[in-house]
Amino acid sequence: MKKTSRKVVIVGTGFVGTSIAYAMINQGVANELVLIDVNQEKAEGEALDLLDGMAWGEKNVSVWSGTYEECQDANLVILTAGVNQKPGQTRLDLVKTNATITRQIVKEVMASGFDGIFVVASNPVDILTYLTWQESGLPASRVVGTGTTLDTTRFRKEIALKLAVDPRSVHGYILGEHGDSEVAAWSHTTVGGKPIMEYVEKDHRLEENDLTVLADKVKNAAYEIIDRKKATYYGIGMSTTRIVKAILNNEQAVLPVSAYLNGEYGEEDIFTGVPSIVDENGVREIIDLSITPQEKAMFHQSVSELKAVLDTVR
Ligand SMILES: NC(=O)c1ccc[n+]([C@@H]2O[C@H](COP(=O)([O-])OP(=O)(O)OC[C@H]3O[C@@H](n4cnc5c(N)ncnc54)[C@H](O)[C@@H]3O)[C@@H](O)[C@H]2O)c1
């Protein structure tokens, strides 16, 4: 069914859900934005607050708090409900609680007759994207996890700071789990079209050790932020909005979302972060990069760790 209303439902109006809503409104992404939360008053308050800025917005967006029936004619449902990491917790620690919450929500969304695309942001995102796919019965292409989009923007920003260039001129991806086993694909990272290794080996603008430090910094960014302010949300707000734009505008943009692997990268039956072509139907195609044997081994390890966690909840 082709939908034209540009109606987006966000389930979960905590830090992440409202940051996505705020970014979407500021970028004029949707026409209709529905907020759902188990704490209905919170959803109502957030909708009222967001509406207050509309006279100065990019465009007039209808925002209201609603029920799952609203999902029936939505283009997209974004899942951000659940518990977030507390200081010292990994994303995988959240799995039992958030798996139960996600399954219950997906059931309610599907009961409305929803026939659009899920975008999953709740953690552990790769696992919850898989469960959303299973529970919804939708084709895997129509279930999109935020994957390593946030890690990738962090990666590009860190390289950009090091070389004093615009992060949008840095190209490269973090692959695999959105979490501790993620992989920096240095072999496919370029700045202004020039491979990052040339900045190390030819220009000596970076040292080999800089790359290790930088990848660790990206991996540990959430811990650093959570230690200081208890949660992370602006980065994921912008990352999710980027994915939503790619879908609603049928962009065919390449984004490192959590997509279903069916042989790509030598892996199958798992959702994880890989560069994917995103259009109005969700994930059209996965870009299967020829990464180095070492990167491939790390990617395989990441997938194995995800599968072990998935086995505890499926
Ligand atoms: N994918 C990413 O890159 C990324 C980045 C940051 C955070 N996250 C994840 O996003 C999720 C939300 O984080 P947050 O900081 O917004 O948490 P939060 O506690 O601020 O908000 C969660 C919201 O979910 C609601 N909720 C809980 N159970 C529900 C249910 N059954 N139905 C409807 N609503 C329900 C809560 O009432 C709350 O408003 C967490 O899992 C967090 O780890 C993901």
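User: A polar contact is a pair of N or O atoms within 3.5 Å. In this predicted model, how far is an oxygen atom of the ligand from an N or O atom in the side chain of Asp37?

Analyst: The model is a prediction, and the distance is computed from its atoms. Asp37 is one of the closest residues to the ligand. The pair joins a ligand oxygen to an N or O atom of the Asp37 side chain, and the separation is 2.6 Å.

User: Which residue has a polar side-chain atom 3.0 Å from a nitrogen atom of the ligand?

Analyst: Two side chains must be told apart here. His178 has a polar side-chain atom 3.0 Å from the ligand, but its partner there is an oxygen atom. The residue whose polar side-chain atom lies 3.0 Å from a ligand nitrogen is Thr146.

User: What share of the accessible area that the ligand has on its own does the protein cover?

Analyst: The ligand is surrounded by 26 residues, and the closest include Val16, Val83, Asn84 and Ala121. On its own, the ligand has 870 Å² of accessible area, of which the protein covers 87%.

User: Which backbone oxygen does the side chain of Thr149 reach at 2.7 Å?

Analyst: Thr149 belongs to helix α5, which spans residues 149–163. Its side chain makes a polar contact at 2.7 Å with a backbone oxygen, and the residue that supplies this oxygen is Thr146.

User: Is Thr149 buried or exposed?

Analyst: Beyond its neighbours within four places in sequence, Thr149 is in contact with Ser239, Ile243, Leu255, Pro256 and Val257. The relative accessible area of Thr149 is 9%. A residue counts as buried under 20%, so Thr149 is buried.

User: What is the relative accessible area of Ala111?

Analyst: Ala111 lies in helix α3, residues 95–111. Its C-alpha is 8.3 Å from that of Tyr68, although 43 residues separate the two in sequence. Exposed means over 50%, and Ala111 is exposed because its relative accessible area is 67%.

User: How many of the 12 residues of helix α4 are buried?

Analyst: Helix α4 covers residues 125–136 and reaches 16 Å from first to last C-alpha, close to the 16 Å expected. Its buried residues include Val125, Ile127, Tyr130 and Ser136. The helix is largely enclosed by the rest of the structure, because the number of buried residues is nine.

User: Which residue follows α4, and what is the sign of its phi?

Analyst: The helix itself ends at residue 136. The residue that follows is Gly137, and its phi, near 75°, is positive.

User: Which residue of strand β2 stands opposite Lys7?

Analyst: Strand β1, residues 7–11, is largely enclosed by the rest of the structure, because five of its five residues are buried. Lys7, Val9 and Val11 point one way, and Val8 and Ile10 point the other way. Five bridges join β1 to β2 (residues 32–36) in the parallel sense, and the residue opposite Lys7 is Glu32.

User: In the open sheet of three strands, which are the edge strands?

Analyst: The order is β7-β10-β11, with antiparallel pairing. Two bridges join β10 (residues 190–191) to β11, and Thr190 stands opposite Pro195. The strands that pair on one side only are β7 and β11.

Notes:
Residues are numbered from 1 along each chain as its sequence is written. This is a predicted model: local features need pLDDT of at least 70, side-chain atom pairs count only at pLDDT 80 or more; totals for chains, interfaces and linings use all residues. Side-chain values use heavy atoms; hydrogens and water are left out. Helices (H or I, at least four residues) and strands (E, at least two) are DSSP runs, numbered from the N terminus. The expected span of a helix is 1.5 Å times one less than its number of residues. Buried means under 20% relative accessible area, exposed over 50%, partly exposed in between (1.4 Å probe, protein chains only). Two strands pair if DSSP finds at least two bridges between them. A residue is near a molecule or strand if one of its heavy atoms lies within 4 Å of it. A polar contact is a pair of N or O atoms within 3.5 Å; within protein, one must be able to donate a hydrogen and the other to accept it, and residues adjacent in sequence count only if both atoms are side-chain atoms. Accessible areas come from the Shrake-Rupley method with a 1.4 Å probe; for residues, only the protein chains shown count as cover. Contact means heavy atoms within 4.5 Å.
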